[in-house]
Amino acid sequence: MKITPLLSGLLLLLLSSSVHSQSSVTPQNPPELWKDYDPDQGAFKEEIVREQTANGIYSRDSYISAYVLGEEVRVYCMYRTKAGATNAPGLLDVHGWLGAPAIGSEYVSEGWAVMAHDYCGKKDNRPHYTKYPPALDHGRMEAKTIHARLPNGVEITDPKQTSHYLWFAIERRVLSYLLAQKEVDKTRVGARGYSYGGTLMWNLGMDPRVKAIVSYFGIGWIAYYRDRGIRMYENPPKEPPMSSGEKLFIKTVESQSHAPYISAPTLWLTGSNDHHSGHERGGETFKMFTPSVPWSFAVQARGHHNTDKLGDDCKLWLEKYVLGKNIDWPARPKAEMNLDQAGVPEIRVTPDSPQTLKELQIFYTQKDPNNVSRSWRDVAAVREGDTWIAKLPVLSVTDYVFAFSNARYANNIVLSSDFKAAIPVQLGNAVATDKLTDVIPWENNEWSNTEPAKTPDGIQGFRATDKKNGTRNLQLSDPAWKAKPDSALSLRFFCSEAQKLFLSVNDQFDKTLELQPSKTWQTLVIPARNLLSRKTTQPMPDWSKTTDLLIMSAANTDSDITKVIFSEFKWVHDQP
């Protein structure tokens, strides 16, 4: 019989009703949800589709069976380990949303037996993927995956109706498969997940077979909070009622619901501007942990979906808690925010083990309740004993000021302090000392992929170091640097060869810049109306909503942005 989309949907709804009717009591927390699931149940029915040994590495790609809600799912798995390995530590490596399994060669080369699996399902023209039966097609990420509502809009009434339940169950089944490998030491197994794979880690952290987990980005607080824009520091606060499906999802399936029941030491790595959820709420998750379970986290300032500045945290965490290595892991820095004697907000940071501290960075920003669009500033600190103190000048004493610190240690562990937030006037007699400016700075990492550069006459500027991707400024939502509606963008440049560059604002409005060669600095003034919408070709209304400014070499040309030196980006009054 051919399974049509309509029939598939009917099967799904019938299954959903069946699942709920079989449960006399709806689970109210993760342990209740998983008390009857046995990931070791049933034969694997292993089907090997690729197997080889090359350059000292044994590789195998295969399908196994997972049994979920009375259905059989054929799960695609990849496995890599050193040839001839014995008693190797195991690592489960979990991909992100719409991703595909991949194995980090650095772990294999260091002796780990690594397994990755697909939970995305059929996508594009992939030759191998996890095959969901029609009744569980909502596990396929290109389908209508189920979160707090069913595809027909009805609220869920049982957590087993969600796609997350399928993904969690499959992940635990793959863990059983990893443990069944002859090379693996069953007493030393860890897991890490990237992006949405990080979201799936929290359920795995309850599994006693796992000795440690590392979650990249995913930490929950998505249903209701992110999806409906409920910001932790909205001023004034916004808290519309939760739906019944959201309530059930949040207390049984969402990542933070697992926190009180996690037994594995847990590390969380994220970016301050990542889209998954506000990192400040992520910090709240750890307050629900059992006191005996180790945990730590690090947040990359200005990080979106990247953590490249967070040292060797993942590697060292797994080595400490899976391999049992004697690694000194300091406590996270302690931080408090108050007013100095003049009424200026300040943050006081006291790191652990200052004798091994290599660097302490402090970051702050103002006003914006949405973490994705915040503009973080580096701020200098003065050391007094074992405490670092940094001033946080603000434009308004009635808007929030936010700050946190990162401590980098000699062994390349990076740890973040708690996220601190306050409305200055609520701390005492606060004063506003920050100043509005038309100058867009470039000296403190405001532009990506750049380095200082001088022209032949010795005048200082900066240049892009990435010919392909150019340079990007994501700091223009800082209220001190925000453009006035009647502004134009002015910049100075120096180039000895003609260059054609591409300018983009917020990935919505574009302009091609024709730069002519000269032996002296030149000035370019760009009114907002000169940039055109990609979708409608209409001119950009003004510069005031600019948060993302990209300059790169124009496509399909021989132009090279790395040969251009820039300086003095600023807002000027736009003349008609």
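## Strands that pair up

Two strands count as paired if DSSP finds at least two bridges between them. Keep that cut-off in mind while you look at this predicted model. Strand β25 (residues 509–515) and β27 run antiparallel and share 2 bridges, so they make the cut-off of at least two. One of the residues to look for is Phe 509, whose bridge partner in β27 is Ser 533.

Now zoom out a little. An open sheet of 5 strands runs in the order β22-β28-β24-β25-β27, and the pairing is antiparallel. Which strands sit at the edges? They are β22 (471–473) and β27 (532–533), and each of them pairs on one side only.

## A strand with plenty of company

Next, find strand β16 (residues 401–409). Here 9 of the 9 residues are buried, so the strand is largely enclosed by the rest of the structure. In a regular strand the side chains alternate between the two faces of the sheet. You can follow the two sides of β16 by name: Val 401, Ala 403, Ser 405, Ala 407 and Tyr 409 are on one side, with Phe 402, Phe 404, Asn 406 and Arg 408 on the other. Both faces are covered, and all of these residues are buried.

So which strands does β16 pair with? Strand β12 (residues 357–366) runs antiparallel to β16, joined by 9 bridges, and Gln 361 stands opposite Asn 406 there. Strand β18 (residues 420–422) is joined to β16 by 3 bridges, again antiparallel, with Lys 420 as the bridge partner of Ala 403. Then there's strand β17 (residues 414–416), also antiparallel and joined by 3 bridges. In β17, Ser 416 is the bridge partner of Asn 406. β16 and β17 form a hairpin with 4 residues between them, and Asn 412 in the turn has a positive phi of about 70°.

## Rings that meet

Time for the aromatic side chains. The structure has 42 aromatic pairs. A pair of aromatic rings is described by the distance of the centres and the angle of the planes. Take Trp 97 and Trp 167: their ring centres are 5.8 Å apart and their planes are at 85°, so this pair is edge-to-face. The pair links distant parts of the chain, 70 residues apart: Trp 97 is in the loop between β4 (88–94) and α3 (105–109), while Trp 167 is in helix α4. Are the two buried or exposed? Trp 97 is partly exposed, at 34% relative accessible area, but Trp 167 is buried, at 0%.

There's also a cluster linked by ring pairs, made of Tyr 233, Phe 363, Trp 376, Tyr 400, Phe 402, Phe 404 and Phe 419. You've already met Phe 402 and Phe 404, which are on one side of β16.

## Two covered helices

Helix α4 (residues 163–179), where Trp 167 is found, has 17 residues. From its first C-alpha to its last, α4 reaches 25 Å, close to the 24 Å expected at 1.5 Å a residue. How many of its residues are buried? The count is 17 of 17, so to speak a helix that is mostly covered, given that buried means under 20% relative accessible area.

Helix α5 (residues 196–204) is mostly covered too, with 9 of its 9 residues buried. Among them are Tyr 196, Trp 202 and Asn 203.

## A buried arginine

Arg 60 lies in strand β2 (residues 57–68). Is Arg 60 buried or exposed? With a relative accessible area of 6%, Arg 60 is buried.

The side chain of Arg 60 makes polar contacts with the side chains of Tyr 58, at 3.0 Å, and Tyr 177, at 3.4 Å. Leaving aside neighbours within four places in sequence, Arg 60 is in contact with residues including Glu 46, Glu 51, Cys 77, Tyr 177 and Gln 181.

## Cysteines without a bond

How many disulfides does the structure hold? The count is 0. Look at Cys 120 to see why there is no bond there: the closest cysteine sulfur, in Cys 77, is 15 Å away, which is too far. Cys 120 is buried, with 0% relative accessibility, and Cys 495 is buried as well, at 1%.

Key: Residues numbered from 1 in each chain as written. Predicted model: local features only at pLDDT ≥ 70, side-chain atom pairs only at ≥ 80, totals over all residues. Heavy atoms only, no water. Buried < 20%, exposed > 50% of the residue type's maximum accessible area, 1.4 Å probe, protein only. Polar contact = N/O pair within 3.5 Å; in protein donor to acceptor, adjacent residues only side chain to side chain. Contact = heavy atoms within 4.5 Å. Disulfide = S-S within 2.5 Å. Expected span 1.5 Å × (residues − 1). Phe/Tyr/Trp six-rings, centres within 6.5 Å; stacked < 30°, edge-to-face > 60°.
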